[in-house]
Amino acid sequence: MKVAISAQGSDLEALVDPRFGRAPWLIIVDTDSGQYEAVDNTANAEAARGAGVQAATAVASRGVDAVITGNIGPNAHKVLVAAGIVAHTVESGVHVCEALASFKRGDLPMAEEPTVGEHGS
């Protein structure tokens, strides 16, 4: 399974970024092998509009099955749902590796609806 985590840095020790679309990094982890890829999301993070949709499209194109983030807006959520990607939320101050461990244990809540308004992701 592949999981994308919004992150403030480019490794597993980085903090999870509370913003999905505007996170500077998206860490994509293969939960079977433990291998990960850090995807620079700066272009989307600095976009005037559409950051969440672009980030959702980017992770979908990489075959991601789930997303872990602090918050997700309605447009990004729609793209993820359409791609069959399940979003999970985590509280602030959590490291990527901790969020991943919680995900593997089944401890992260699913975001069945957007968690913020239109310009909050």
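In this predicted model, five strands line up as an open sheet in the order 3-2-1-4-5, with mixed pairing. Strand 3 (36-40) and strand 5 (86-89) sit at the edges, each pairing on one side only. Neighbouring strands of the sheet are turned against each other by 20° on average, direction ignored.

At one edge of the sheet, strand 2 (residues 25-30) and strand 3 run antiparallel and are joined by five bridges. Two of the residue pairings can be picked out here. Isoleucine 27 has alanine 38 of strand 3 as its bridge partner, and valine 29 stands opposite tyrosine 36, also in strand 3. Strands 2 and 3 make up a hairpin with five residues between them. In that turn, glycine 34 takes a positive phi of about 85°.

Stepping back to the whole chain, the secondary structure adds up to four helices and five strands. Read from the N terminus, the elements come in the order β-β-β-α-α-β-α-β-α. As for overall dimensions, the C-alpha trace spans about 35 × 25 × 25 Å along its principal axes. The radius of gyration is 12 Å, which agrees with the value near 14 Å that a compact globule of 121 residues would have. Of the 121 residues, 43% count as buried. Looking at contacts with a sequence separation of 6 or more, 54% come from residues 24 or more positions apart. The protein exposes about 5900 Å², and carbon and sulfur atoms supply 49% of that area.

Helix 3 (residues 74-82) shows how burial is laid out around a helix. Its buried residues are Ala76, His77 and Leu80. These three cover an arc of only 100° around the axis, so they end up on the same side of helix 3. What do they pack against? The buried residues of helix 3 meet helix 2 (51-61), strand 4 (66-69) and strand 5. Over on the other side of the helix, Lys78 and Ala82 are exposed. Lysine 78 has a relative accessible area of 58%, and since anything over 50% counts as exposed, that is how this residue is classed. Just after helix 3 comes glycine 84, with a positive phi of about 75°.

Strand 5, one of the elements that the buried residues of helix 3 pack against, is also where threonine 89 lies. Is threonine 89 buried or exposed? Its relative accessible area is 17%, and because the limit for buried is under 20%, threonine 89 counts as buried. Leaving aside residues up to four places away in sequence, threonine 89 touches Thr69, Gly70, Leu108, Pro109, Ala111 and Thr115. One of these contacts, Thr69, falls within strand 4 (66-69).

Lysine 78 and threonine 89 make a handy pair to set side by side. The lysine is found in helix 3 and is exposed, whereas the threonine belongs to strand 5 and is buried. Along the chain they are 11 residues apart, and their C-alpha atoms are separated by 16 Å.

Technical notes. Residues are numbered from 1 along each chain as its sequence is written. This is a predicted model: local features need pLDDT of at least 70, side-chain atom pairs count only at pLDDT 80 or more; totals for chains, interfaces and linings use all residues. Side-chain values use heavy atoms; hydrogens and water are left out. Two strands pair if DSSP finds at least two bridges between them. Helices (H or I, at least four residues) and strands (E, at least two) are DSSP runs, numbered from the N terminus. Axes are lines fitted to C-alpha atoms, for helices over the stretch in contact, and angles run from 0 to 180 degrees between N-to-C directions. Buried means under 20% relative accessible area, exposed over 50%, partly exposed in between (1.4 Å probe, protein chains only). The arc is that of the directions from the helix axis to the C-beta atoms. Contact means heavy atoms within 4.5 Å. The radius of gyration is taken over C-alpha atoms; the globule rule is 2.2 Å times the number of residues to the power 0.38. Accessible areas come from the Shrake-Rupley method with a 1.4 Å probe; for residues, only the protein chains shown count as cover.
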